[in-house]
Structures are given as structure tokens and as C-alpha cells.
Amino acid sequence: MATRILTLLALSVLSLVPPTDWRSAPAADWQAIFNGRTLDGWVVKLAHHDLGDNYGDTFRVENGVIRVMYDKYDEFGARFGHLFYKQKLSHYVLALEYRFFGDQVKGGPPYARLNSGVMVHSQAPETILKDQDWPISVEAQFLAGGRTTMNVCTPGTEIFMQGAMVKAHCTNSTSRIYGNDEWVAVQVEVLGSDRVRHIIEGQTVLEYEKPTIGGGVATGFDPAIKKDGTVLDSGYIGLQAESQPVEFRNVRLLNLSGCMNPDSPAYRSYFVHRDDARCTTR
């Protein structure tokens, strides 16, 4: 019993030691969550279609990249779509590159030209109703056309900045302007409900905290899922299809939740969220 108490005290003390910056993580610790060949590990949800129905081959893999394509569409038909990664996440860094190309499909809304994004802390894809337009989530928004990128939008959610709720649906970042067909490398650092940071070229261009279910914009959802006031500390990530052709590549994940016991081979000094179950695996 005494040994167990000492062990617990030691782990409690260790949990107070500030982690090192995740930028120190070796390249081998980053997980490639897109294999460059297939969409294994991902699931499609398009508005007005059942989960898994990849209408028109909207999301496809060509030449080692994920492509959002509309060449098999007659018109957009408000088929706002997302490609969700299978794993629920809480503390992590998502890294990817995106590039816009081609012309917006007929019937796409004007605001969606040169517009895409990645959703974080999203509701589970299987809980999204058939005719729901947007998942309840927070969006790191990708834009071109003379606009800043890595903005934030809040379908069915609300966020806070410096302790105050942000009333606008979308908030601009401080990024520079990128070309319409330029590859842009971005990172989204998510620390549960404590903080989300949008990063480009090593610089934070937007930061907010306490993502919470609430607000409008999203429609067609299950009321049992949209419980306003619920603080979001975990969820799913989803690459967006919004009527503009776009490519994604080098989609990688660094989990910041793991074993925080230095005696375990699974320990990493950059972990910020303790998960003792991971102490038995590397």
C-alpha cells in the first residue's frame, strides 16, 4: 500500500512538470493518417446522402493526394461534405497542406469559391443526420482569393477569446495572403477545451479557447446532439468539401495525449494530457 501511495504521489508531481514544446517531437512520432493510396480510416458524409455515400466520387485519391472533385456532378445541390478521420481526439496537433485548383461547381454558393477547411471537435459522423448541412464543430477555414486563411468559423458552436464570447460566426486570422493555387502548409494545435491555435509557417495566426455547443448556422441536426452550453473537449476532424475543388496532402497527426510516466518507454516529454492506458504501448 505504501509503495502504491508513493507511486501515485510521484505521478502527481510529474504531471505538474511543464511539458516541452511539441515542436521538439521527432519526425517518427508524427502519424501519417492519410496513406497516399486509399481513404482507409476515413468516412464520407455529404449533406442529403447517407453516411459513407461518396456521391460522384467527391473525395478521391489521385497522385498521392486527397482530391475534392465535382467533375461527375451536374450541379452542387447543396451537398456540403466532409471526410472524417475515424479516431476521436482531444489533445493533438494536426498538420496538412492544401491547394485550391479548378473552377467552382455550378450551383455552389458565391462565398464558397476558393473556400474549404478542416473541422475540429466535430460531432461523431454517425450522429450527423442525412439532411444536416454542417456538423456541429469548429472550422479552421482555408481561403484564397485575396483573403486571409486559417480563419475560424463556428457552425453550431461558440468560442471565446480572452475570456469573452465571440459573437461573429467567422473571425479572420492575421495570416498573409496566399495565391489561389498555392500549396499552404498549416497546423491546428488543439488542447482539449483549453486552447486552439491556428499556425502557418511556425507563426500563430489565430487563437481561441472554450469551444462550446451553441449558436446557429448549422441546420437539420438532431436536437439530442446539439446540447447548447456543452463545452467541447474532444471530437473528430473532417476535411471539407464546399463546392470548390481542393487537394490535401501530408495529412499528419501528433497526439499530445499519452503516457506521462518517464519510466515508461511510451513517455514523451511533449505530452500535455495524461492517458495512463498508453503507458503499456509505445
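## A charged pair across the chain

Does Glu 97 count as buried or exposed? With a relative accessibility of 17%, Glu 97 counts as buried, because the cut-off for that label is under 20%. Keep in mind as you look around that this is a predicted model.

Glu 97 has a charged partner: its side chain meets that of Arg 249 in a salt bridge, at 3.0 Å from N to O. The two residues come from distant parts of the chain, with Glu 97 in strand 6 and Arg 249 in strand 17, 152 residues apart. Arg 249 itself is partly exposed, and its relative accessible area is 26%.

## Other salt bridges

A search of the whole structure turns up 16 salt bridges. One of the others joins the side chains of Lys 226 and Asp 228, at 2.7 Å from N to O. Here the partners fall into opposite classes: Lys 226 counts as buried at 11% relative accessibility, whereas Asp 228 is exposed, with a relative accessible area of 52%.

Arg 274 and Asp 276 also form a salt bridge, and their closest N and O atoms are 3.0 Å apart. Arg 274 is partly exposed at 35% relative accessible area, and Asp 276 likewise counts as partly exposed, at 40%. There is a network to trace as well: salt bridges link Asp 57, Arg 60, Glu 62, Arg 67, Asp 71, Lys 72, Arg 99 and Glu 247.

## The nonpolar cores

In soluble globular proteins, nonpolar side chains tend to be buried together. In this model the largest nonpolar core has 51 residues, and those with the most contacts inside it are Leu 96, Tyr 98, Phe 142, Ile 237 and Phe 248. Strand 6, which runs over residues 91–100, supplies the largest share of this core, with five residues.

Leu 96 is a good place to start exploring. Leaving aside residues up to four places away in sequence, Leu 96 touches Phe 142, Val 184, Ala 185, Val 186 and Leu 239, along with Phe 248, Arg 249, Asn 250 and Val 251. Apart from the largest core lies another one of twelve residues, among them Trp 30, Ile 199, Leu 256 and Phe 271.

## Asn 255 and its neighbours

Asn 255 belongs to strand 17, which covers residues 246–255. What does its side chain reach? The side chain of Asn 255 comes to 2.9 Å from the backbone nitrogen of Ser 257.

Asn 255 is buried, with a relative accessible area of 18%. If residues up to four places away in sequence are not counted, Asn 255 touches Gln 87, His 91, Tyr 92, Tyr 270, Phe 271 and Arg 278. Phe 271, one of those contacts, is also among the residues of the twelve-residue core.

## Two loop residues with positive phi

Finally, have a look at two loop residues. Asn 63 has a positive phi of about 55 degrees although it is not a glycine. Asn 63 sits in the loop between strand 3 (59–62) and strand 4 (65–68), and at 80% relative accessibility it counts as exposed.

Gln 162 also has a positive phi without being a glycine, with a value near 50 degrees. Where is Gln 162 placed? Gln 162 lies in the loop between strand 10 (157–161) and strand 11 (164–165). Gln 162 counts as exposed, with a relative accessibility of 84%.

Notes: Residues numbered from 1 in each chain as written. Predicted model: local features only at pLDDT ≥ 70, side-chain atom pairs only at ≥ 80, totals over all residues. Heavy atoms only, no water. Helix = DSSP H or I, 4+ residues; strand = E, 2+ residues; numbered from the N terminus. Buried < 20%, exposed > 50% of the residue type's maximum accessible area, 1.4 Å probe, protein only. Polar contact = N/O pair within 3.5 Å; in protein donor to acceptor, adjacent residues only side chain to side chain. Contact = heavy atoms within 4.5 Å. Core = buried A, V, L, I, M, F, W, Y, C linked by side-chain atoms within 4.5 Å. Salt bridge = Lys/Arg side-chain N within 4 Å of Asp/Glu carboxyl O.
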